[in-house]
Amino acid sequence: MRMANPKTATASAPATVANVSCGFDVFGFAVARPADEVRIALTPTTDVRIISITGDQGILPTDASKNTAGVAVQMYLSHTGWKTGVNLELRKNLPLGSGMGSSAASAVAAVLAINALHPQPMLRKDLLPFALEAERVACGAAHADNAAPSLLGGFTLIRSYNPLDVVPIACPPELHCVLVHPHIEVKTKDARNVMKTSVPMRDAITQWGNTAGLVAGLLTSDFELIGRSLQDVVAEPVRALLIPGFHRIQHRAKEVGALGCGISGSGPSLFALTRGSETAHAVGHAIQTEFANAGLASDVFVSEINLTGAQVYDVV
Ligand code: HSE
């Protein structure tokens, strides 16, 4: 039961894999961990203050208008016309510039926590635009393929941006994700700037075929089709250059049994999809070994697709 007039709430929002190879800016799914956490306390002022950030090595801005968690809360307060002060504490568990949806996770956790304290909370799905404004501040583009799955869980398709139309896509329960984060940083803004501004027709046709193929494969649990569709001829060819050993690693992941392997979001993390957790662990180990051969330490996260998404708790 919800307490009357709660004053503090904490929320966590998980890492996500955006693009999923063929769906640049339109596909994303949530994984089990890591997840960012935000605690919000209402105050009698009208300021949004970030009073602590841990886990970021002092890198993130504490000015609320420059931090994705702060921006999402400011947008929420301005949209709802709610005059309240906010003290925000952010625990970063996602690495920065990793391609794991770090900026989105902070924004999603923050907006979910503030919404839990509002006398008339909005529906969860209606919170997405506030997180997107935060993404715009973070990288110059309000892409939704991290924020939507982090907020809503599962595999999401951004069918349209204007108007925003997010469609959940059911996944086979056996589907597992391997996410490997090498210890280098790639800023989303930079990874977007290297993209070409137009796509040749033959590449567009390949990409359209694969996006539809991936959705069909997920909905019918056709793992071979999922694997054949995990191909990216738009972003990967240019972004692979930012990731040492990318093509070798991709090849090795498939050799060990991955359905497919690609760049997670804007990188440098890589993701692979597998059928079952045993193969997922083997693929994770193989990718980590290849990164080590390229001189890079890395972290491996194996999980099912996270169907729950962000969670709110400790509302008191
Ligand atoms: N779709 C975005 C991009 C995801 O690839 O730039 C960023 O994580």
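Guide: A helix is a DSSP run of H or I with at least four residues, and helices are numbered from the N terminus. The model under discussion is a predicted one.

Visitor: In which helix is Cys 139 placed?

Guide: Cys 139 has its place in helix α3.

Visitor: Is Cys 139 buried or exposed?

Guide: A residue counts as buried when its relative accessible area is under 20%. For Cys 139 that value is 9%, so Cys 139 is buried. Leaving out residues up to four places away in sequence, Cys 139 touches Thr 188, Lys 189 and Arg 192.

Visitor: How is the packing of two helices to be read?

Guide: Two packed helices are described by the angle between their axes and the distance between those axes. Here, helix α1 (residues 68-80) and helix α3 (residues 128-139) have axes that come within 8 Å and cross at roughly 135°. Angles over 145 degrees count as roughly antiparallel and 65 to 115 as roughly perpendicular; α1 and α3 are therefore oblique to each other. Their crossing is right-handed.

Visitor: Which residues make the contact between α1 and α3?

Guide: From α1 come Thr 68, Val 71, Ala 72, Met 75, Tyr 76 and His 79, while α3 supplies Phe 130, Glu 133, Ala 134, Val 137 and Ala 138. Sorted by class, the contact of α1 with α3 holds eight nonpolar, two polar and one charged residues.

Visitor: I should now like to turn to strands. What is the order of the strands in the open sheet?

Guide: Strands of a sheet pair through backbone hydrogen bonds, either parallel or antiparallel. In this model, the open sheet has four strands in the order β8-β9-β7-β10, and the pairing is antiparallel. The edge strands, each pairing on one side only, are β8 (260-263) and β10 (298-304). On average, neighbouring strands of this sheet are turned by 20° against each other, direction ignored.

Visitor: How many bridges join β8 and β9, and how many join β7 and β9?

Guide: Four bridges link β8 with β9 (residues 270-275), and Gly 262 stands opposite Phe 271 in β9. Between β7 and β9 there are six bridges, with Val 180 opposite Leu 270 of β9. The pairing of β7 with β10 runs over seven bridges, and Pro 182 has Ser 298 in β10 as its bridge partner.

Visitor: Which helix packs on the sheet, and which strands does it touch?

Guide: Helix α10 (residues 277-293) packs on the sheet and touches β7 (175-182), β8, β9 and β10; its direction makes about 15° with that of β7. Helix α9 (residues 246-255) lies across β8 and β9, and runs at about 155° to β8.

Visitor: What should one look for on the two faces of a strand?

Guide: In a regular strand the side chains alternate between the two faces of the sheet. Both faces of β7 are covered: Leu 175, Cys 177, Leu 179 and His 181 are buried on one side, and His 176, Val 178, Val 180 and Pro 182 are buried on the other.

Visitor: Where is Pro 268 found, and is Pro 268 buried or exposed?

Guide: The loop between β8 and β9 contains Pro 268. With a relative accessible area of 0%, Pro 268 falls under the 20% limit and is therefore buried. Beyond its neighbours within four places in sequence, Pro 268 is in contact with Gly 97, Ser 98, Pro 182, Ile 184, Val 186, Ile 243 and Phe 291.

Key:
Residues numbered from 1 in each chain as written. Predicted model: local features only at pLDDT ≥ 70, side-chain atom pairs only at ≥ 80, totals over all residues. Heavy atoms only, no water. Pairing = 2+ DSSP bridges. Helix = DSSP H or I, 4+ residues; strand = E, 2+ residues; numbered from the N terminus. Axes fitted to C-alpha atoms, helices over the stretch in contact; angles between N-to-C directions. Contact = heavy atoms within 4.5 Å. Parallel < 35°, antiparallel > 145°, perpendicular 65-115°, else oblique. Left-handed = near helix turned anticlockwise from the far one by under 90°. Nonpolar A, V, L, I, M, F, W, Y, C, P; charged D, E, K, R; others polar. Buried < 20%, exposed > 50% of the residue type's maximum accessible area, 1.4 Å probe, protein only.
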